[in-house]
Amino acid sequence: MDNANTMSAEHDAAMIEELHEVLESGELVLFVGGGISAAAGLPTWRQLVDLLIERVRDQVGDELVVAEVADLARSQRFSEAIAAAEHALGPEEFNAFVEDALDDEGLDPPRIALAIAALRDRLRAVLTTNINHLLERAFGFEWDTLWRVTDEVAWRRRFILKLHGTLKVPESWMFTRERFGRSIADPAVRRALTAVLSKCPMLLVGFGRADGDFDEMLSDIHALSGSSPPPRFVLAPSASLTPYRRTTLVDKGFALLPYDTSDGSHDRALAILERLSAAPPRALASRPPRSIVPPPIPDLELPPSSSSPGVSPCELAPDSSGDDGPVSVPASLGAPRRARLSEPPASPIEVFFSYSESNRDLRDKLETHLAILKRKGVIRGWHDGEIGAGEERDRALAEHLEAAKVILLLISADFLASDFCYDVEMQKAIERHERGEARVIPVILDACDWEGAPFGRLASLPRGGRPVTSWVNQSEAFTDIAKGIRKQVEQLTQNPS
């Protein structure tokens, strides 16, 4: 037995060393499961289904319908159980209930999420099935958040892709296997995911036997990874890796890093992530992050990001393995922060506002929220209101649209209906974006059907694509937009190609 334990320990050490080497390559993609959410006190898949069963019982009252959902849950067919509950409750009631049940507002990101965030300077990207905002908050909102797979996923870095959607946009949710399957069957989606999974090593963490679609998800990854996939690691509780599942995963080329949870603790998983994050990051000069803007831009001083969310003593719930008995987790990890550089740019980065005249007031509010960047000489905003007397309007617009390094598309129904905004300014902006000459940022001002537009594949602001006018406090929306723009500008100045 001792010899077996020694061999297992040696195997794990070798596997962790290999994982560390992959991390240092700068190409590792983390795939994060629902265990992260459960660690913060949000419901697991099983607990969410149990809550939905009670809701169906209260709202519908038909025991036959309740029994149908409960039978699916007992068979651990959680996605089907959720679909059945949605059918019973109706979309409006279902969406409101789920959004309330999974809302992470007021919850600290769990230590396991902070351990993942501590790796961010050496990761390429994060994929996740979580729809809440815990990971974004653990990352200090430093990374862009995407919840649709677009072509840019194939080449971008430093983003969180939420494969099952995002909390505040119910139409984006991919709870059911059928809906998720349809989404990845789209040829463009498959191309983008294949481009990532066929060349980027991956570490899966936060999954376990409570994840009803885990095996199917791994099959999807395997199918999209090509015939010669890069290294793929699975960090999971031993209890979730049954003999058949172990054999299946190994046959598909997944390297297993099981950890013991007999005492209800997930400390081993946390220790592995801590060990990885404790190693000094690779020299940035050896692998510069990709930037879409080729001209070098001098470094600048930027206001510091808001401090990381305070983390009070918490417990890591039995989220992945299904074991009982929450236990305390280790001390905070001290995630590394990017260094801020001290000298302002030689000249401000020009930010071009493309907008409909009917949205002038909202444009003015956004410009006000960018005041700190303007005061520091980091950016210079430009729009048609800057055109002086006697200047030729069309010529001035064309010159500044061609010169800007950041182009803000202020999206509303009026913008989409404007021939000049859509056919002239937006088309020119997209052309420059695709040539790597500028960075285009859609800013969603008002609710409209914009997803099918040429800019629909780009990450938008506010985060999650929630329109500014739908926020109770619009200042919070503009603050979110301003922070997002600041981060984009920071990337342009710190990562010139």
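In this predicted model, one open sheet is built from 4 strands in the order E11-E10-E12-E13, paired in parallel. At its edges stand strand E11 (379-382) and strand E13 (439-444); each has a single partner strand, so one side of each is left without a neighbour in the sheet. Going from one strand to the next, the twist averages 25 degrees. Within this sheet, strand E10 (residues 349-354) and strand E12 (residues 406-411) run parallel and pair over 4 bridges. One residue pair to look up here is Val-351, whose bridge partner in E12 is Val-406.

Another set of parallel pairings centres on strand E1 (residues 29-32). Strand E1 is joined to strand E2 (residues 125-128) by 4 bridges, and the two run parallel. Across that pairing, Phe-31 sits opposite Leu-127 in E2. Strand E1 is also joined to strand E5 (residues 202-205), again running parallel, by 4 bridges. Here Val-29 is the residue that stands opposite Met-202 in E5. As for the side chains of E1, a regular strand has them alternate between the two faces of the sheet. In E1, Val-29 and Phe-31 point one way while Leu-30 and Val-32 point the other way, and all are buried.

Turning to the helices, two packed helices are described by the angle between their axes and the distance between the axes. For helix H4 (residues 63-74) and helix H5 (residues 78-89), the axes come within 7 Å and cross at roughly 165 degrees. Angles over 145 degrees count as roughly antiparallel, and H4 and H5 are therefore roughly antiparallel to each other. Their crossing is left-handed. On the H4 side the contact is made by Val-65, Val-69, Leu-72 and Ala-73, and on the H5 side by Phe-78, Glu-80, Ala-81, Ala-84, Ala-85 and Ala-88. Sorted by class, the residues in this H4-H5 contact come out as 9 nonpolar, no polar and 1 charged.

The other helix pair is helix H3 (residues 45-59) with helix H6 (residues 91-101), whose axes come within 11 Å and cross at roughly 140 degrees. H3 and H6 are therefore oblique to each other, and their crossing is right-handed. H3 brings Leu-48, Leu-51, Leu-52, Arg-55 and Gln-59 to the contact, and H6 brings Glu-93, Phe-94, Phe-97, Val-98 and Ala-101. By class, the contact of H3 with H6 holds 7 nonpolar, 1 polar and 2 charged residues.

Conventions
Residues numbered from 1 in each chain as written. Predicted model: local features only at pLDDT ≥ 70, side-chain atom pairs only at ≥ 80, totals over all residues. Heavy atoms only, no water. Axes fitted to C-alpha atoms, helices over the stretch in contact; angles between N-to-C directions. Parallel < 35°, antiparallel > 145°, perpendicular 65-115°, else oblique. Left-handed = near helix turned anticlockwise from the far one by under 90°. Contact = heavy atoms within 4.5 Å. Nonpolar A, V, L, I, M, F, W, Y, C, P; charged D, E, K, R; others polar. Pairing = 2+ DSSP bridges. Buried < 20%, exposed > 50% of the residue type's maximum accessible area, 1.4 Å probe, protein only.
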